[in-house]
Amino acid sequence: MPVEDVDTRTEETTDTGEPTSAHIVKTKKGENAAAVVLEARIMGTPVEALCGFVWVPSRDPKQLPVCEECK
């Protein structure tokens, strides 16, 4: 699956429920990653990161480090 656009989002958490890293979302050619993430947040559907991590986005990850595997 080619990656055309990326957007970082997170849902990986620690035992306390706090996120640990931001992931980069896989998208198809011509898709806008921000739009894919927004739709997933609204609809509650999972997305897949470049590293293979699958989650339902619900938080803003701007304060988190980007996943090393996704980089």
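**Group meeting: a walk through the predicted model**

Let me start at the surface. Glutamate 68 has a relative accessibility of 61%, so it counts as exposed. Keep in mind that this is a predicted model. Glutamate 68 has a partner, lysine 71, and the two form a salt bridge. Their closest N and O atoms are 3.4 Å apart. Lysine 71 is exposed too, because its relative accessible area is 66%.

Where does lysine 71 sit? It is in the segment after β4. Setting aside residues up to four places away in sequence, lysine 71 touches Ile24 and Val66. Its C-alpha is 8.4 Å from that of leucine 50, and those two are 21 residues apart along the chain.

Now the overall layout. The protein chain has one helix and four strands. Reading from the N terminus, the order is β-β-α-β-β. The chain has 71 residues, and 30% of them count as buried. It exposes about 4,600 Å². Carbon and sulfur atoms supply 49% of that area.

What about contacts along the chain? Take the contacts with a separation of 6 or more. Of these, 52% are between residues 24 or more positions apart.

Next, the helix. Helix α1 covers residues 33-43. Which of its residues are buried? Ala33, Val37 and Ala40 are. They span an arc of only 60° around the axis, so they lie on the same side of α1.

Turn to the face pointing away from that buried side. There you find the exposed residues Leu38, Glu39, Ile42 and Met43. Look at isoleucine 42. With 64% relative accessibility, it counts as exposed, because the cut-off for exposed is over 50%. Ile42 also joins Leu38 and Met43 in a nonpolar surface patch of about 360 Å².

Back to the inside. How many residues make up the largest nonpolar core? Nine. Val37 and Ala40 from the helix are among them. The others are Ile24, Val25, Val47, Ala49, Trp55, Cys67 and Cys70.

Let me pick one core member, alanine 49. Leave out its neighbours within four places in sequence. Alanine 49 then contacts His23, Ile24, Val25, Lys26, Trp55 and Cys70. Of that list, Ile24, Val25, Trp55 and Cys70 belong to the largest nonpolar core as well.

One name there leads to the next stop: Lys26. Side chains of opposite charge can pair when their charged atoms come close. The salt bridge count here is two. You have heard about one of them, glutamate 68 with lysine 71. The other is between the side chains of lysine 26 and glutamate 48, at 3.3 Å from N to O. This pair links distant parts of the chain, 22 residues apart. Lysine 26 is in the loop between β2 and α1, and glutamate 48 is in strand β3.

Buried or exposed, then, for lysine 26? In between: its relative accessible area is 26%, so it is partly exposed. Glutamate 48 is partly exposed as well, given its relative accessible area of 33%.

Strand β3 runs over residues 47-48. Strand β4 covers residues 54-55, and valine 54 is in it. Which residues does valine 54 touch? Beyond those up to four places away in sequence, it touches Pro46, Val47 and Glu48. Valine 54 is partly exposed, because its relative accessible area is 49%. Its C-alpha is 9.3 Å from that of valine 25, with their positions 29 residues apart in sequence.

Last stop, proline 46. It lies in the loop between α1 and β3. Its relative accessibility is 54%, so it counts as exposed. Leaving aside neighbours within four places in sequence, proline 46 contacts Val54, Trp55 and Val56. For proline 46 and valine 56, the C-alpha atoms are 4.2 Å apart, and the two are ten residues apart along the chain.

To recap. One helix, four strands. A largest nonpolar core of nine residues. A helix with Ala33, Val37 and Ala40 buried, and Leu38, Glu39, Ile42 and Met43 exposed on the face turned away. Two salt bridges. That's the tour.

Conventions: Residues are numbered from 1 along each chain as its sequence is written. This is a predicted model: local features need pLDDT of at least 70, side-chain atom pairs count only at pLDDT 80 or more; totals for chains, interfaces and linings use all residues. Side-chain values use heavy atoms; hydrogens and water are left out. Patches are made of residues with over 30% relative accessible area and no salt bridge: like charges are joined within 9 Å, nonpolar side chains (Val, Leu, Ile, Met, Phe, Trp, Tyr) within 5 Å. Accessible areas come from the Shrake-Rupley method with a 1.4 Å probe; for residues, only the protein chains shown count as cover. A salt bridge is a side-chain nitrogen of Lys or Arg within 4 Å of a carboxyl oxygen of Asp or Glu. Helices (H or I, at least four residues) and strands (E, at least two) are DSSP runs, numbered from the N terminus. Buried means under 20% relative accessible area, exposed over 50%, partly exposed in between (1.4 Å probe, protein chains only). A nonpolar core is a set of buried Ala, Val, Leu, Ile, Met, Phe, Trp, Tyr and Cys residues joined through side-chain atoms within 4.5 Å. Contact means heavy atoms within 4.5 Å. The arc is that of the directions from the helix axis to the C-beta atoms.
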